[in-house]
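Student: I am new to this structure and should be grateful for a close look at a single part of it. Please take the surroundings of the ligand, and then place a few further residues for orientation.

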Amino acid sequence: MFRRKFFGITAMAAVALSLAPLYGSAYAATPQAPIPPGAAWWKEAVVYQVYPRSFNDTNGDGIGDLNGITAKLDYLKTLGVDVIWLSPHFDSPNADNGYDIRDYRKVMAEFGSMDDFDRMLAEMKKRGMRLIIDLVVNHSSDEHQWFVESRKSKDNPYRDYYIWRDGKDGGAPNNYPSFFGGSAWEKDEATGQYYLHYFARKQPDLNWENPKVRNEVYDTMRFWLDKGVSGFRMDVIPFISKQNGLSDLPADKLAHPEFVYANGPRVHDYLQEMNREVLSRYDTMTVGEAFGVTFEQAPLFTDARRKELNMIFHFDIVRLDRDGWRKKDWTLPQLKAAYAQIDRTGGTHGWNTSFLTNHDNPRSVSHFGDDSPEWRAVSAKALATMMLTQRGTPFLYQGDELGMTNYPFRGIEDYNDVEVKGQWHDFVESGKVPAEEYLSHLRQTSRDNARTPMQWSAAPNGGFTSGKPWLAVNPNYTRINAASQVEDAGSVYHHYRRLMEVRRQTPALIHGEFRDLDPANPKVFAYTRTLDDKRYLVLINFTRETVVYGLPEGLKIAATVLDNGAAQQPVQPGAASVSLQPWQATIYEL
Ligand code: ISL
Ligand code: CA
């Protein structure tokens, strides 16, 4: 059910008055447009990802907890968040920070209790916010009761919950690699057979061919939906169907096995069954982590007529400049091409996501912006403008609303990630890659960059914990923190807040057609968003220089909606060109 809501307009107007004129105009200028067809709450929403371990610690053990999230709900509400995606909060031995689940119906002890969860959810609802949780069902923990049983003997009733095979020629059943290093097969002493694990050894893959497994998953989903959660982010969901026969990967697929793992023959049968059995019976939002899914295949997951998922995460933006752990150069035209392609895959019957990082990627300002002290804030605001004006549901990762940066890692001992440990073994210890070379890439690509604790204030440990944080806080917390940004109307935080407000009030920025005006321009990203007779122009300067951007013929600016604080003077209505300041990002009404 879609209902139009206007939050805090009066408060917003008051803030707007106290700011430079460019900030204020949105609230006066935006008319109330008709509700577009195809509207849905999960298209209109802005989602905020919480990585609970690093969000807010309330009992001094150095680990974020559910009560810590509850304590910050007003902060998130004021920011403008509609939905929270909570990374795994389930009982887990933490081989992969909760992406290895031991009990799908129990809360991780470090994070609190089921009572804490229920209270957190009730407090979210009180504020009109929804919660989606992480569904990690390609694999479980090896400490899950199902696997404990499964590994006992070949005739155990749980044997077929996982994927067991005999070895071949004295080795693994096939050449599948694990994402976290080594083979994807582990020999188990009890029976001499091997089990499959696409990720760590402690993350055995579930056997979705077994209808009992599928029913267990659907029951778990109902358990959480009945508690009142509003949907799921589905971890590596395309991997659930395994290839018939599990034959060897050809040599050219070994470096990127995800394109084979994501292509099992029954993945769409399973998702349609899941939709029929569970999702269609609730008012949910679903987003699949579509690692290994190509642009051509994407609509198979998201075309609403197929009744599978609402949307997926495409990795073509965050992995634009990556080859595994290696960082490559990227250009603005490449980034724009990825955006255009993603928009096309959404098509008429699908929907997209818009995100610039998550808990598996570097910080967005360090990645696509400029995290030097001079340009950090303005470039973070420029990226925020880009992310929140795409056609797709925005997913904002904790701390990005402050322009938090990558961590200044020195040696290998500074890293915590299980992925790093596997790579260090496979590439460095094996002598294939010199340590310095690996580390120089890792500093920019490591998942730990996004996992350092939230920087709440200038207090010790950024106010994240009164104890010793499980992962070091970025030392720049004294300069970059929530407390100071909430006080500062010109901060990255307030720019995010304004953008969400503008987006909420401007249906064209949510549903409107996307058009890149100048795909080859290496400095400026210029695009329009159009819905009926409403048309908006977004201009973003991706450089440290002033760039004069000539507007295409026939395109006339009527008013400035929102600027990121870089513009020096308002554009005259009808101007033929705009002089864009370094990292300027402005939304105009045409
Ligand atoms: O982040 C990656 C590599 O740097 C990806 O390979 C990542 O592992 C992949 O996108 C799958 O991610 C998801 O499943 C993993 C978990 O470690 C990630 O945190 C999760 O987002 C296994 O559950
Ligand atoms: Ca804690």
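Tutor: The following account treats the ligand and its surroundings, and then turns to some residues of the chain. Please bear in mind throughout that the model is predicted.

We may begin with the place that the ligand occupies. Ligand 1 sits in the largest pocket. Its shell is made up of 17 residues, and the closest of these are Asp96, Asp235, Glu289, Asp360 and Glu419. When the shell is sorted by class, 9 of its residues are charged, 5 are nonpolar and 3 are polar.

Individual contacts add detail to this picture. Asp96, named among the closest residues, has a polar side-chain atom at 2.4 Å from an oxygen atom of ligand 1. For Glu419, a polar side-chain atom is found 2.9 Å from an oxygen atom of the ligand. His359 also takes part: an N or O atom in the side chain of His359 is 2.9 Å from an oxygen atom of ligand 1. As for the cover that the protein provides, ligand 1 on its own has 500 Å² of accessible area, and the protein covers 97% of this.

We may now consider the backbone at two loop residues. Asp169 belongs to the loop that joins strand E6 (164-165) and strand E7 (185-187). Its phi is near 45 degrees, which is a positive value in a residue other than glycine. Leu246 is found in the loop between strand E9 (231-234) and helix H9 (258-261). Phi of Leu246 is likewise positive, near 45 degrees, and this residue too is other than glycine.

Are these two loop residues buried or exposed? Asp169 has a relative accessible area of 79%, and it is therefore exposed, since that term applies over 50%. Leu246 has a relative accessible area of 8%, and it counts as buried because the limit for that term is under 20%.

A residue within a helix completes the view. Glu216 is part of helix H8, which comprises residues 211-227. Its relative accessibility is 22%, so Glu216 is classed as partly exposed, the term for values in between those two limits. Finally, Glu216 may be placed with respect to Asn361: 145 residues separate them in sequence, and from C-alpha to C-alpha they are 31 Å apart in space.

Notes: Residues numbered from 1 in each chain as written. Chains lettered and ligands numbered in written order. Predicted model: local features only at pLDDT ≥ 70, side-chain atom pairs only at ≥ 80, totals over all residues. Heavy atoms only, no water. Near = heavy atom within 4 Å. Polar contact = N/O pair within 3.5 Å; in protein donor to acceptor, adjacent residues only side chain to side chain. Areas by Shrake-Rupley, 256 points an atom, 1.4 Å probe, with all protein chains shown as cover. 1 Å grid on protein atoms, 1.4 Å probe; cavity = no way out; pocket = protein on both sides within 12 Å on 5 of 7 lines; lining within 4 Å. Sits in = over half its atoms within 2 Å of the grid points. Nonpolar A, V, L, I, M, F, W, Y, C, P; charged D, E, K, R; others polar. Helix = DSSP H or I, 4+ residues; strand = E, 2+ residues; numbered from the N terminus. Buried < 20%, exposed > 50% of the residue type's maximum accessible area, 1.4 Å probe, protein only.
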